[in-house]
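Q: I'd like to take a close look at one part of this model, and I'd be glad of a guided walk through what surrounds it. Could you start from a single strand and work outwards?

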Amino acid sequence: MIERPHAIVDERCSLRERKESLLYVVHHESGVLSGVIGMDERLAFTHYLEEQEEKQRQMNRWLMHSLDTAYEGVVIVDHKGIIQVFNETYSRFVGVTKEEAIGRPVEEVIENTRIPVVLKTGVPERSQAHRLQGQELVVHRLPMWQEGEIIGAVGMLVFEGKTELEETLQRLERIPQAAAIEESRWHKHTESNVSVRFEDIIGESPAIAGAKKIGRKAAVTEVPVLLTGETGVGKEPFAHAIHHKSHHQKGPFVAVNCAAIPESLFESELFGYLKGAFTGTRAEGKVGKVELANGGTLFLDEIGDMPFESQAKILRVLETKQVERVGGSTPVHVDFRLVAATNQDLKAKMLQGTFREDLYYRLNVIHIEIPPLRERKQDIPSLIAHHLKLREQEGFQKKTLTKAVLERMFSYSWPGNVRELFHYLERMYVLSEGPIINEQDLPKELLQRTFIPASSMTPPTSDQELIYEALKEAKGNKSEAAKQLGISRATLYNKLAKYGLSV
């Protein structure tokens, strides 16, 4: 079969050259002639290849020109620490030409560099102080991962000196004093003063990046947002980020854990009560969480555990924008943004009759599913670096992990997600001796798991075979197979369609 501008030859066929520079495409088994490639086709294909090569060369020129134009110094090394890319900014700063730098070990070109350490540990080092050419600088050192292996690292010179950094911070901090006073007044009644932005939610994997993208779009609207995901994935930080980017950002952020309040006290906590409403209450009465959230955001966490009777009342508040305290009859106007979260299947609870259908559809306007850690393992190094940096900023000893520890973490399924990761990191940080966290410092849950180091693994089977084996093990259960493979159900379905698999 022949297609212009270039010929496509089936893998079952071979080319045989004959007179007049013709190529005959012949089927291996039957010997049947499938097509003929003449001089016109060969010239067209050669021209096509030349065009593609020129496009690639042009793209490479654009990339190198962009790197050389960049204000930041950039160096890229391979897995052995040999410099592959070195831009003009870094070249000017260290006094070594690009031609002299490329092909040399990075430690020979950049003094005091910790890029070899990042290559060994796989843990990124962001916004770190670095002394170079007698100056105090701020640098990033980021490992490059591909299919679970470190293939190189990127070093970035962010600020050329402390003075420049201090000037930048001063520009950011020039906020009118009146605005600062006004903001502090707003936060007097805020239950949680934690300020989290979407930029503060760690992770750049496609799964978490997609969730953050939806969150940013949802934040600027007034509609309710429903956050779902397993325990420990970080639903509350998402709620804070939505609040921070919303029109209610100067108002209070009031969080209510529906699972933590006894059913008998739920309505008085949520809606408040008047003086003398019932025995054992405060003499002056109490303002409920809904009223406290006026002008801000009300975050109903674990909403799947909200008592059935209270569900009707919160729905009424959402519809009327009015709340009545227990023991009262005069409604109070409230204006707040609602964000709800759950680790339960609300649709299943609705079908079981334990969650109101009308409330479900009222909440489920914008749904954001926050992925579990096992579906975004490439974010683990960044999460580790963030946690260790926090400990260092608190005045504790600077510590790092060995590559073997990181490999163990990649092999673990993380049923407790990010929360579990941070708990284990805290434990290892406290119990480890010295600046290096080794395998002996790992908790038993990670040590007991069957593990094969990446360096000793045999070449992996094809993606298609892995999926087929996972489906066989899961007896056709696609959700379970996706869990075993560490991918989402949507990704599994896409791969099944791609490979034409069915079990």
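In which sense do strand 9 and strand 17 pair, and over how many bridges?

A: Strand 9 and strand 17 pair in the parallel sense, over four bridges. Before we go on, a word on what you are looking at: this is a predicted model, in which local features need pLDDT of at least 70, side-chain atom pairs count only at pLDDT 80 or more, and totals for chains, interfaces and linings use all residues. Residues are numbered from 1 along each chain as its sequence is written, and side-chain values use heavy atoms, with hydrogens and water left out.

A few terms will help. Helices (H or I, at least four residues) and strands (E, at least two) are DSSP runs numbered from the N terminus, and two strands pair if DSSP finds at least two bridges between them. Buried means under 20% relative accessible area, exposed means over 50%, and partly exposed lies in between (1.4 Å probe, protein chains only).

Now to strand 9 itself. Strand 9 covers residues 225–228 and has the highest mean pLDDT among the elements of the chain, 96, where pLDDT is the predictor's confidence in each residue, from 0 to 100. Opposite L227 you will find I368 in strand 17. Strand 9 also pairs with strand 16, again in the parallel sense over four bridges, and there L226 stands opposite A340. In a regular strand the side chains alternate between the two faces of the sheet. Strand 9 has V225 and L227 on one side and L226 and T228 on the other, and all four are buried, with both faces covered.

From strand 16 you can step across to strand 13, since these two pair in the parallel sense over four bridges, with L298 opposite L338. One step further, strand 13 pairs with strand 10, also parallel, over five bridges; F253 faces T297 there. Strand 13 is largely enclosed by the rest of the structure, because five of its five residues are buried. T297, F299 and D301 point one way, and L298 and L300 the other.

Next, look at helix 9 (residues 235–245). Its buried residues are K235, F238, A239, H240, A241, I242 and H243. What covers them includes helix 8 (206–219), strand 9, strand 10, strand 13, strand 16 and strand 17 (366–369), so this helix ties back to the strands we just walked through.

Several of these elements also feed the largest nonpolar core, which has 29 residues; L270, V290, L298, L300 and F336 have the most contacts inside it. Such a core is a set of buried Ala, Val, Leu, Ile, Met, Phe, Trp, Tyr and Cys residues joined through side-chain atoms within 4.5 Å. Among the elements that each supply at least two residues to this core are strand 10 (253–257), strand 13 (297–301) and strand 16 (337–342), but the largest share, four residues, comes from helix 12. In soluble globular proteins, nonpolar side chains tend to be buried together.

To see the packing, pick V290. Contact means heavy atoms within 4.5 Å, and beyond its neighbours within four places in sequence V290 is in contact with L270, F271, L298, I314, V317, V323, V334 and F336. A second, separate core of 23 residues includes L383, A385, L388 and W414. Back beside V290 in sequence, E291 lies in helix 11 (residues 289–292). With 16% relative accessibility, E291 counts as buried. Leaving out residues up to four places away in sequence, E291 touches F271, V323, R325, V332 and V334.

Finally, a word on confidence and the wider chain. The protein chain averages a pLDDT of 79, and 78% of its residues score at least 70. The lowest mean among its elements, 36, belongs to helix 7 (residues 177–186). Over residues 171–192 the pLDDT is below 50, and this stretch has 15 contacts in the model beyond near neighbours in sequence. Residues 1–8 also stay under 50. Where pLDDT is low, the predicted coordinates should not be read in detail. As for the whole, the chain comes to 21 helices and 19 strands, and buried residues make up 40% of its 503 residues.
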